[in-house]
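The exercises below are to be worked through with the sequence and the model side by side. Each task is followed by a solution in steps.

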Amino acid sequence: MTDAEADLVILGGGSGGYAAAFRAAELGLSVTLIEKDKLGGTCLHRGCIPTKALLHAAEVADSARDGEQFGVKTVLEGIDIAGVHKYKDSVVTRLYKGLQGLAKVHKVNLVQGTGTFVGGTTVEVEGTRYTGKNLVLATGSYSKTLPGLELGGRIITSDDALTLDFVPKKAVVLGGGVIGVEFASVWASFGTEVTIVEALPRLVPAEDEFASKQLERAFRRRKITFKTGVKFTGAKQDAGGVTVSLESGETLEADVLLVAVGRGPNTAGHGYDEAGVRMERGFVLTDERLRTNLPGVYAVGDIVPGLQLAHRGFQQGIFVAEDIAGLDPKPIDESGIPRVTYSHPEVASVGLTEAQAKEKYGPDITTFTYDLAGNGKSQILKTSGAVKLIKAPDGPVVGLHLVGDRVGELIGEAQLIYNWEAFPEDVAPLIHAHPTQTEALGEAHLALAGKPLHVHG
């Protein structure tokens, strides 16, 4: 058994792990990055990037199907699923090669293999031990299932859905959160008859209730069926399909059942328990500076309780690298992390929901909702939706919630408004190019500042 030492050892090469590695290397630290699979982790290979490529293909399908409403004579002849996968995989491959090149540029020692935390700040990989002055745990997450629901065959996870070699005629999606509604949106655009089953009372239940209602209205128009407030009780499959049973006594027949009930922390089997890492429900507990209970050991990304988002892990990785290097960065405000669901229409938000704002500030918060019907670019795109702002009493804007096609591209400005604690009066004088959807943010702040223009009623 040999030993290799570095200033920083990182277990896991996903968004959080490689961000920590690259930033630490920029700051002059020697870095060993251990990854059992491919650099880039779930986000690049089985999550953010491939799913958004599928969603773009779905948007192209919708454009072809609906071209006549724009005066363009187009016909959707069908979906070449092999061609869709070729396009998706080409995007992933290009980004993966770029990431490998960056690892070389930063002179990161990339070790491929399964790592086990053996205590102190040491990780063992196939008999070799790698010890750092500091250690970052960044082992990511996995697709969860429900007790008694065995995965396999026609009962699939999002990982399986990304490589499915046919377009199902009927699909049941178990879970109405981000992953569930995104795949439901893709399949509906591809011509699948989709039913979403969600145990909680509404779709995207982590979002503001306004956003759920907007999305549900849009899904009804798209003939995507959803059953909320109903529990799943079982599933049986055979060569011809899968039968899904609900607590209500109803059964649903489909070609596939997509299990999209969230992601769990990938901490089992990595030696965390044995090394004495303090955990809860499988998550690694940290303080606001992402330090675990063990000296010199940090944790970032999906294994830390909170939003399971690639860009959260990415920023946490940068934070930890800078903290270790002595730059004393400001702790990350979890509420200031933007969230986007890339369905059709999109849902984007940052800050507090109305319920959270009332809990924090009391009942005297102010809200304003601006309908995209008044936004020229949204009408050009033929998208419906709205922008909702939430303002603290005598304070700044504390929540921004957007629904509509392409509103995910507006979340950059929205997160600046929240994170810089802007008042409506600060945003109202800023000029938004016309015609753009960013004007919807401007108009909403104008109204909240007491000078509404393109607002009816």
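Just after helix 14, Gly450 takes a positive phi of about 90°, where helices (H or I, at least four residues) and strands (E, at least two) are DSSP runs numbered from the N terminus. This is a predicted model, in which local features need pLDDT of at least 70, side-chain atom pairs count only at pLDDT 80 or more, and totals for chains, interfaces and linings use all residues. Residues are numbered from 1 along each chain as its sequence is written, and side-chain values use heavy atoms, with hydrogens and water left out.

**Exercise 1.** Determine whether helix 14 is largely enclosed or not, and what covers its buried residues.

Step 1: buried means under 20% relative accessible area, exposed over 50% and partly exposed in between, with a 1.4 Å probe and protein chains only.
Step 2: ten of the eleven residues of helix 14 (residues 438–448) are buried, so the helix is largely enclosed by the rest of the structure; among them are Glu439, Glu443 and His445.
Step 3: the cover includes strand 22 (366–371), strand 23 (386–391) and helix 12 (411–419), contact being heavy atoms within 4.5 Å.

**Exercise 2.** Describe how strand 4 and strand 5 are joined.

Step 1: two strands pair if DSSP finds at least two bridges between them.
Step 2: four bridges join strand 4 (residues 115–119) to strand 5 (residues 122–125), and the two run antiparallel, with Gly119 opposite Thr122.
Step 3: the strands form a hairpin with two residues between them, and Gly120 in the turn has a positive phi of about 60°.
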